[in-house]
Amino acid sequence: MARIRWLTKTSRIVALCSFANFINSADRVIMPLAIPNNRFTNDFFTFFAHSIPVEERSRAFSYLLASGSVGQTVASVVCPHLSWEACFYWFGAFGFVWILLWYCLYPEDAYTGEDAIPLHMPKVISHNIRWADFILSKPLWAIYIAHFAMNWSSYIIMQWLPTYLTGNLGGNAHSLSLTAVPYIVNSIFGVISGHVADGLLGSKNWSVLNVRRLMTSIGLVGPALFLAIFCVVDNLALAIILVSISMGLSASNSAGHLSNHVDVAPNHAGTTFAVSNTIATIPGILCGPVTASLVTASDGKWLTVFLGATFVNLTGALIYFTNSVATQVL
């Protein structure tokens with residue numbers, strides 16, 4: 001079979017991994033039991049650490065994570081209009097399409113020579129790594145806390161936006177369909193932020209650390225400010241615009257602390273992301289009951305909920321900015 005040459009080596013990798021994450025994320029919508037299986041995404045981090053050069057990693061991760069949001073959105077919109085059997089057939093068929101694309105892009109004889117998957121091995125190969133090293137490292141905790149803060153506000157939007165729009169801003173069934181807009185904006189902004197971050201790295205005037213800190217600051221401080229404004233507006237359309245901008249800016253984290261895993265732990269990026277993702281799942285557990293308690297205690301007012309999310313984001317940004325590094329620690 002003829003090889004497909006219209007993509008660069010790293011672009012092929014990013015395209016295939018992004019399509020795989022699209023399928024994986026869509027499957028999570030139609031098959032919730034797949035949600036706990038994050039090993040799939042974890043492996044991408046280690047793979048990218050060894051196959052994507054530093055100056056292209058920001059946009060690589062932005063495409064990877066944006067494809068996940070697109071997959072969830074597409075499945076959420078399409079599946080209600082299909083029979084349950086058709087959902088499995090269609091998204092299962094995408095898996096076979098992915099295998100065909102892999103064979104076209106990387107035929108059996110492409111693993112050597114000019115079409116081989118490029119490897120960018122770290123200068124330092126770390127040995128004798130203990131689990132304590134993943135827990136006691138200050139730079140890693142900067143990443144973990146930033147991830148936790150990002151997910152705190154994201155889970156509030158995910159779990160409570162329809163309830164808030166219906167109960168406080170007079171949303172109806174039609175207007176609630178607009179709650180998909182923030183996730184579309186999130187995907188678009190994520191890709192843009194990745195290209196911007198790599199552009200800054202390419203200019204040679206920005207260090208990797210400064211770019212990671214900049215994009216994380218945008219991804220945490222920006223949403224914090226827009227959520228603070230969002231909670232005081234009483235216009236439905238304006239509220240959708242504000243929360244969409246908030247979610248869009250949050251996507252900058254893909255070029256910030258989420259990309260930072262492969263900087264600080266290139267040999268163990270999958271493991272550090274697994275630890276980070278586990279900690280960042282805590283907001284998904286707590287946001288529901290905490291939000292309900294705060295709204296109940298405030299006689300139906302949501303000010304403390306969104307100002308609390310603002311505080312968490314600002315705290316996460318400060319901790320990351322003052323404790324992050326871009327040199328290998330593991």
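## Helix H8 and its surroundings

In this predicted model, the buried residues of helix H8 are Pro182, Val185, Asn186, Ser187, Gly190, Val191, Ser193, Gly194, Ala197, Asp198, Leu200 and Leu201. These buried residues pack against helix H3 (57-78), helix H6 (138-169), helix H9 (208-230) and helix H10 (236-250). An α-helix has 3.6 residues a turn, so residues three or four places apart point the same way. Such a spacing can be followed in the buried set of H8, including Asn186, Gly190, Gly194 and Ala197.

The length of H8 can be checked against its residue count: the helix runs over residues 181-202, and at 1.5 Å a residue its 22 residues should span 32 Å, which agrees with the 32 Å that separate its end C-alpha atoms. After H8 comes Lys204, with a positive phi near 70°.

## The chain as a whole

The protein chain contains 13 helices and zero strands, and the pattern read along the sequence is accordingly α-α-α-α-α-α-α-α-α-α-α-α-α. Of its 330 residues, 49% count as buried, while the area that the chain exposes comes to about 15600 Å², of which carbon and sulfur atoms supply 69%.

Contacts between residues distant in sequence are also described for this chain: among those that join residues at least 6 apart in sequence, 82% are between residues at least 24 apart.

## Helix H10 and its packing with H6

In H10, the buried residues are Ala239, Ile240, Leu242, Val243, Ser244, Ser246, Met247, Gly248, Leu249 and Ser250, and they pack against H6, H8 and H9. The span of H10 also agrees with expectation, because its 15 residues at 1.5 Å a residue should cover 21 Å and its end C-alpha atoms are 21 Å apart.

Two packed helices are described by the angle between their axes and the distance between the axes. For H6 and H10 the angle is about 170° and the axes are 11 Å apart, which means that H6 is roughly antiparallel to H10. On the H6 side the contact is made by Met150, Ser154, Ile157, Leu161, Leu165 and Leu169, and on the H10 side by Leu236, Ala239, Ile240, Val243, Met247 and Ser250. Of these H10 contact residues, Ala239, Ile240, Val243, Met247 and Ser250 are also listed as buried.

## Helix H9 against helix H13

H9 packs with helix H13 (residues 303-323) at an angle of about 165°, and the two axes lie 8 Å apart. With that angle, H9 is roughly antiparallel to H13, and the crossing of the two helices is left-handed. The contact draws on Arg212, Arg213, Thr216, Ser217, Leu220, Val221, Pro223, Ala224, Leu227, Ala228 and Phe230 of H9, which meet Phe306, Leu307, Ala309, Thr310, Asn313, Leu314, Gly316, Ala317, Tyr320 and Phe321 of H13.

Arg212, a residue of helix H9, counts as buried because its relative accessibility is 0%. Leaving aside residues up to four places away in sequence, Arg212 touches Arg57, Ser58, Ala255, Gly256, Ser259, Asn260, Asp263 and Tyr320. Leu318, found in helix H13, is by contrast exposed, with a relative accessible area of 57%. The C-alpha atoms of Leu318 and Arg213 are separated by 9.9 Å, although the two residues are 105 residues apart along the chain.

## Two loop residues with positive phi

Most residues other than glycine have a negative phi, and most peptide bonds are trans. Lys204 has a positive phi of about 70° although it is not a glycine; this residue lies in the loop between H8 and H9 and is exposed, with a relative accessible area of 71%.

Asp299, likewise a residue other than glycine, has a positive phi near 55°. Its position is the loop between helix H12 (269-297) and H13, where Asp299 is exposed at a relative accessible area of 70%.

## Lysine 9 in helix H1

Lys9 belongs to helix H1 (residues 9-30) and is partly exposed, its relative accessible area being 36%. Between the C-alpha atoms of Lys9 and Ser51 the separation is 9.3 Å, and these residues stand 42 residues apart along the chain.

Methods: Residues numbered from 1 in each chain as written. Predicted model: local features only at pLDDT ≥ 70, side-chain atom pairs only at ≥ 80, totals over all residues. Heavy atoms only, no water. Helix = DSSP H or I, 4+ residues; strand = E, 2+ residues; numbered from the N terminus. Expected span 1.5 Å × (residues − 1). Buried < 20%, exposed > 50% of the residue type's maximum accessible area, 1.4 Å probe, protein only. Contact = heavy atoms within 4.5 Å. Areas by Shrake-Rupley, 256 points an atom, 1.4 Å probe, with all protein chains shown as cover. Axes fitted to C-alpha atoms, helices over the stretch in contact; angles between N-to-C directions. Parallel < 35°, antiparallel > 145°, perpendicular 65-115°, else oblique. Left-handed = near helix turned anticlockwise from the far one by under 90°.
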